[in-house]
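User: Please take a close look at one part of this model and set it in the context of the rest of the chain. I would like the packing and the charged pairs treated together.

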Amino acid sequence: ERGYEAAERRRGWEERRRHVSDMLIHARQAVCAAGLEVDWGAGVSEEEVFACCARMIQGAGALMPAFGIAPLAQGLHLVIGKEFSVRDNGAVVVPHDFRASEGVHPDTPERRPDPPRQERR
């Protein structure tokens, strides 16, 4: 019976990894990135990857500038990790909790443009 339980756990793990792989492909295509991977060594969980990819897909066309994140990410190699950084190979590490639709990291104050000034006559 132990062998059966181990085989079931293995099948479940493989199925989750397939789902993660599919989600990474969809997110990479949505933002037009050259590559998208996960820094598993940083401790990013599968749930965090799913949530980050979903936000990337959702925000692909809804970010500032008006054209969305896709033109900003086009051709970049992106890595889902724990904090913003740029690796020696040029890959851009994006925190898993980055809110693409807000255009800011959740730990930084939200930046909104100043309202237009009205001229007095």
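The part to examine is helix 1, spanning 2-31. Which residues of helix 1 are buried, and which salt bridge does Arg17 form?

Analyst: What follows describes helix 1, then its partners. The model is predicted, and every value below is computed from it.

The setting comes first. The protein chain contains 3 helices and 4 strands, arranged along the sequence in the pattern α-β-α-α-β-β-β. Of its 121 residues, 30% count as buried. When contacts between residues at least 6 apart in sequence are considered, 55% of them join residues at least 24 apart.

Helix 1 has 30 residues, for which a rise of 1.5 Å a residue predicts a span of 44 Å; the C-alpha atoms at its ends are 44 Å apart, so the two values agree. Its buried residues are Val20, Met23, Leu24, Ala27 and Val31. An α-helix has 3.6 residues a turn, so residues three or four places apart point the same way. Val31 lies in helix 1 and has a relative accessibility of 0%, which means that Val31 counts as buried. Between the C-alpha atoms of Val31 and Cys53 the separation is 10.0 Å, although their positions lie 22 residues apart along the chain. Just after helix 1, Cys32 adopts a positive phi of about 60°.

The packing can be followed through the largest nonpolar core, which has 18 residues. Leu24, Leu36, Val49, Cys53, Met56 and Ile80 have the most contacts inside this core. At least two core residues come from each of helix 1, strand 1 (35-38), helix 2 (46-59) and strand 2 (77-81). Helix 1 provides the largest share, 5 residues. In soluble globular proteins, nonpolar side chains tend to be buried together. Ile80 shows how these elements meet. Leaving aside residues up to four places away in sequence, Ile80 touches Leu24, Leu36, Glu37, Val38, Asp39, Val44, Val49, Cys52, Cys53, Met56, Val94 and His96.

Helix 2 is the next element to consider. Helix 2 has 14 residues and reaches 20 Å from its first C-alpha to its last, close to the 20 Å expected at 1.5 Å a residue. Glu46, Val49, Cys52, Cys53, Arg55, Met56 and Gly59 are the buried residues of helix 2. The elements that cover them include helix 1, strand 1, strand 2 and strand 4.

The charged residues of helix 1 come next. Side chains of opposite charge can pair when their charged atoms come close. The count of salt bridges in the model is 7. One of these joins Arg11 to Glu8, with the closest N and O atoms 2.4 Å apart. Because Arg11 and Glu8 are 3 residues apart in helix 1, about one helical turn separates them. Arg11 has a relative accessible area of 43% and is partly exposed; Glu8, at 37% relative accessibility, also counts as partly exposed.

Arg17 answers the second part of the request. Arg17 forms a salt bridge with Glu46, the closest N and O atoms being 3.3 Å apart. This pair links distant parts of the chain, since Glu46 is in helix 2 and Arg17 in helix 1, 29 residues apart. Glu46 has a relative accessibility of 12% and counts as buried, whereas Arg17, at 27%, counts as partly exposed. A network of salt bridges links Arg16, Arg17 and Glu46. Arg17 also has an aromatic neighbour: its charged end sits over the ring of Trp40, 4.1 Å from the ring centre. The count of aromatic pairs in the model is 0.

Another salt bridge, outside helix 1, joins Asp39 and Arg87 at 3.2 Å, N to O. Asp39 lies in the loop between strand 1 and helix 2, and Arg87 in the loop between strand 3 (85-86) and strand 4 (92-95), so the pair ties together parts 48 residues apart in sequence. Asp39 is partly exposed at a relative accessible area of 23%, and Arg87, at 30% relative accessibility, counts as partly exposed as well. Asp39 is also among the residues that Ile80 touches.

In brief, helix 1 supplies 5 residues to the largest nonpolar core, and its Arg17 pairs with Glu46 of helix 2.

Definitions and conventions:
Residues are numbered from 1 along each chain as its sequence is written. This is a predicted model: local features need pLDDT of at least 70, side-chain atom pairs count only at pLDDT 80 or more; totals for chains, interfaces and linings use all residues. Side-chain values use heavy atoms; hydrogens and water are left out. A nonpolar core is a set of buried Ala, Val, Leu, Ile, Met, Phe, Trp, Tyr and Cys residues joined through side-chain atoms within 4.5 Å. Buried means under 20% relative accessible area, exposed over 50%, partly exposed in between (1.4 Å probe, protein chains only). Contact means heavy atoms within 4.5 Å. The expected span of a helix is 1.5 Å times one less than its number of residues. A salt bridge is a side-chain nitrogen of Lys or Arg within 4 Å of a carboxyl oxygen of Asp or Glu. Rings of Phe, Tyr and Trp (its six-membered ring) pair if their centres lie within 6.5 Å; planes under 30 degrees apart count as stacked, over 60 as edge-to-face and the rest as tilted. A charge sits over a ring if NZ of Lys or CZ of Arg is within 6 Å of the ring centre and within 35 degrees of the ring normal.
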